[in-house]
Each structure stands twice: as structure tokens, then as C-alpha cells.
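Q: Could you walk me through one helix of this protein and the way it packs? I am a first-year student, so please explain the terms as you go.

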Amino acid sequence: MPFRSVNGQLLFEAQACNGLEQWADSFDFVTVAGLLMPEHLAAQQQTTVWRDTATLAGPERFEFVPLPWAYSIPSFLSHYRSTQALLGRLVQRSRYLQFCIGGLVGDWAAVAAIAAHQQKRAYAIHTDWVEHKHLLQVTKDASLPKRSKAVVLSFFMEKYNAWIIRRAALGLWHGADCYTAYSPLCDNSFLIHDIHTDASDVIAPAELAAKVSRVTSEQTIRLCYAGRMEPMKAPLDWIKAVERAHRLGVDLKATWIGAGSLMEEMQRLIAERDLGSVIELVGFESDRDKLLKKIREAHLMLFTHITPESPRCLIEALISGTPIIGYQSDYAEDLVKDIGGGEFVLIGQWERLGNLLATLSSDRHRLARLIKQAGKNGKRFNSEVVFRERSELIKAHLV
């Protein structure tokens, strides 16, 4: 996550701030180096909730180091020497090192990892998506020049990241997609989840029981999705799956909570298909409690992710007793493999996804069972527990 500077105050994404507080509970002092986003770009981030870093619990436990925003080759090269030297000094004086890589040009975390290797320091690598595969997926329908550029960048990105990961003492892979892609490159690899929900966020047993009761008696199926309207989420597939179920006679109400670059295209498709009475786009919800309430009120979360990533919204659905129904991925399947709470179709098969919605609507006992499983499954996800486990892994392996 990048920093944002407003009137001399350094801001950070609100949920990521929760993670920083969790890290500081396990370590005496935390140095956070991150990109400083230009204000003209930060002002456009309608789906980001910013928090003043000065409001963190025990702010004296943190040092924040803004780094240049350098995603173009000229900018990256112009800042490279000074930033490399800065990161080298930070590596030298830090006891434990963790780098969140995921790119090529402008990826200062990778530069820091190289500095650690040069200093013969053990380091951990953390990722939450497979960036080189993501790049290919989101450009597969682009023009030939853009696809060609993506192929070249993806090739070098994969080799670059692999070089860094092979030299890491510890790999912390958020979600099964990342674990599948990267664990063969690192001897000490662990599947983790990047969670920002507390035990108090889990749906209460009485509320879960009431939800199960309602789904067997109410006619209308309520489904939701919470996330950005971006190509990696395939929101047009989402609309088509909802339409398919609607045309099959399912009485449903579908709500997308979020904003993004494809909002206008979604609105246009909804109008063209006459789905205004079925689908509601409510925009971005900055209040986390209100967001979780909306997810709890839904009978299921429908998702159409097409890239290997580890979106937190699926975990937020499970803690809300809301089954996850969507495109198959290692990440999604791993979330439900032991306890249940989800069903999936192959990526891109939105028609089958619509058929699955129709099946669940007609078989309410099956849907009720999924809701019970999701509620039970969601109890596993607690930010205090997962951050403590990750901290212990870092202390054990970075010696």
C-alpha cells in the first residue's frame, strides 16, 4: 500500500493501519517503507479509506519512510541510486526484514531484497497476488501492441521475482494461488491469510440461525459483491451470471458494493439488458461496519475473479455467514476445503454460474447448509491470531 501526504500528514490505508498495529504488538519497533502516491492520483482513489498514521496506537513504535513513485523507466532510473542507498541503510539497521514484492519497474521492495542479499541478510517475501499472471490475464483482450508488451513484461517480472524468492529465507504466501505459484521457489514456504477482521466481526450464532431460517422461507435470493469494478474482477461476467439466473426465473436482488473504472460500462450493460430492477450498484462504502452488515444480510456472495489473487472480501463473506459462489481458484477452494461454505465453476463460465444460482434458489436446504458451513468456517479468521503466527514465523526463520 502507498502513502499519501496531505497538509504535512502522512496517510495510509485504514485496514493496512490495523495490520501495522498488529505487527507492532509483536515487534518493539516497525519501520515502514512505502511509495508516496502523487496527490493527483491519490485524490482519484475513491475506494481507499485513508487514516492519519499519527493516530496509530503507540505511534512512537513506528518509523515511516516514503519512497519515490517511480513506475516509469526514466523516473525509476533517476531515483534508483539514492533510493537503493536509503534502503540499504534501512536493511543494515533492522533486525527482521520482510519485503512485499510484486512488480518490475518501480518495485522498491525488490530493490530492498537485493540489498539484503548483498548484505548476506536473511529476509522474508510476502505476496498476495501472482503479478506476472495477472498482467497477462487482464490484457488478453487488449490490442496486439499491448498484449505483446504484457508478454515481455510478464516474462521479465516472473524471472526477476523468482530470483529474489529463491534467495529468501522465508516465503509468506497469502492465499493458495500465491502459494501454488511461489512455494516451489522457497524451501520455507507458508500459506497465510492477510486478515483485518476481529473475533467480534464474526456473525453471532443467533443471527446465523435467523439467516438460515429466512433463506428457507423467503422467496427472494439476495446476493452481493464487495470490491472494485476493475477488469480483474470481471464485473461484466458478474452481470451476465445474474442475468442468466434471472432469465431462468430466479427471484433475486443483486448488489455490487464498490466503484472503479468499469462502473459506466456496468451501468450501460444493466440498462441494455433491462436489469435495473434486479441489480443495484450502490457505490463505495467507506464505513466498514456498514459494509459487513450488508454482506451479512446477503444469502451469498457472487464473485467472478479471473486473476490469481487473494481478495479479502471472500473471507469477509465467510465471517458473515455468507457462502462464496463464483469462479474457481486455488485461493477460493482452499478457503472452504475443510469446512465448506462455497461452490465454484470454471473461470469464464458465467452461464454455468447463473445456472448454479438457479439451482441454489430452487434447493433452499442446500443453500441453508452452505450458510451454516460459511458461518462455522468464518470463525477461523482472526487478525490477532494470523499476525501473531506470521510474526513467530519471521522470528523463527530470520536468524
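**A close look at helix α3**

A: Let's start with one residue: Ser-75 touches Trp-69 and Ala-70, leaving aside residues up to four places away in sequence; contact here means heavy atoms within 4.5 Å. This is a predicted model, in which local features need pLDDT of at least 70 and side-chain atom pairs count only at pLDDT 80 or more, while totals for chains, interfaces and linings use all residues. Residues are numbered from 1 along each chain as its sequence is written, and side-chain values use heavy atoms, with hydrogens and water left out.

Ser-75 belongs to helix α3, residues 73–93 (helices are DSSP runs of H or I with at least four residues, numbered from the N terminus). Ser-75 counts as buried because its relative accessibility is 19%, and buried means under 20% relative accessible area with a 1.4 Å probe, protein chains only.

Now for the packing. α3 meets helix α4, residues 108–118, at an angle of about 50°, with the axes 9 Å apart. Axes are lines fitted to C-alpha atoms over the stretch in contact, and angles run from 0 to 180 degrees between N-to-C directions. That angle makes α3 oblique to α4, a label for angles that are not under 35, over 145 or 65 to 115 degrees.

On the α3 side, the contact includes Phe-76, His-79 and Tyr-80; on the α4 side, Trp-108 and Val-111 are among the residues involved. The contact residues divide into nine nonpolar, four polar and no charged. Here Ala, Val, Leu, Ile, Met, Phe, Trp, Tyr, Cys and Pro count as nonpolar, Asp, Glu, Lys and Arg as charged, and the others, Gly among them, as polar.

Methods: Helices (H or I, at least four residues) and strands (E, at least two) are DSSP runs, numbered from the N terminus. Buried means under 20% relative accessible area, exposed over 50%, partly exposed in between (1.4 Å probe, protein chains only).
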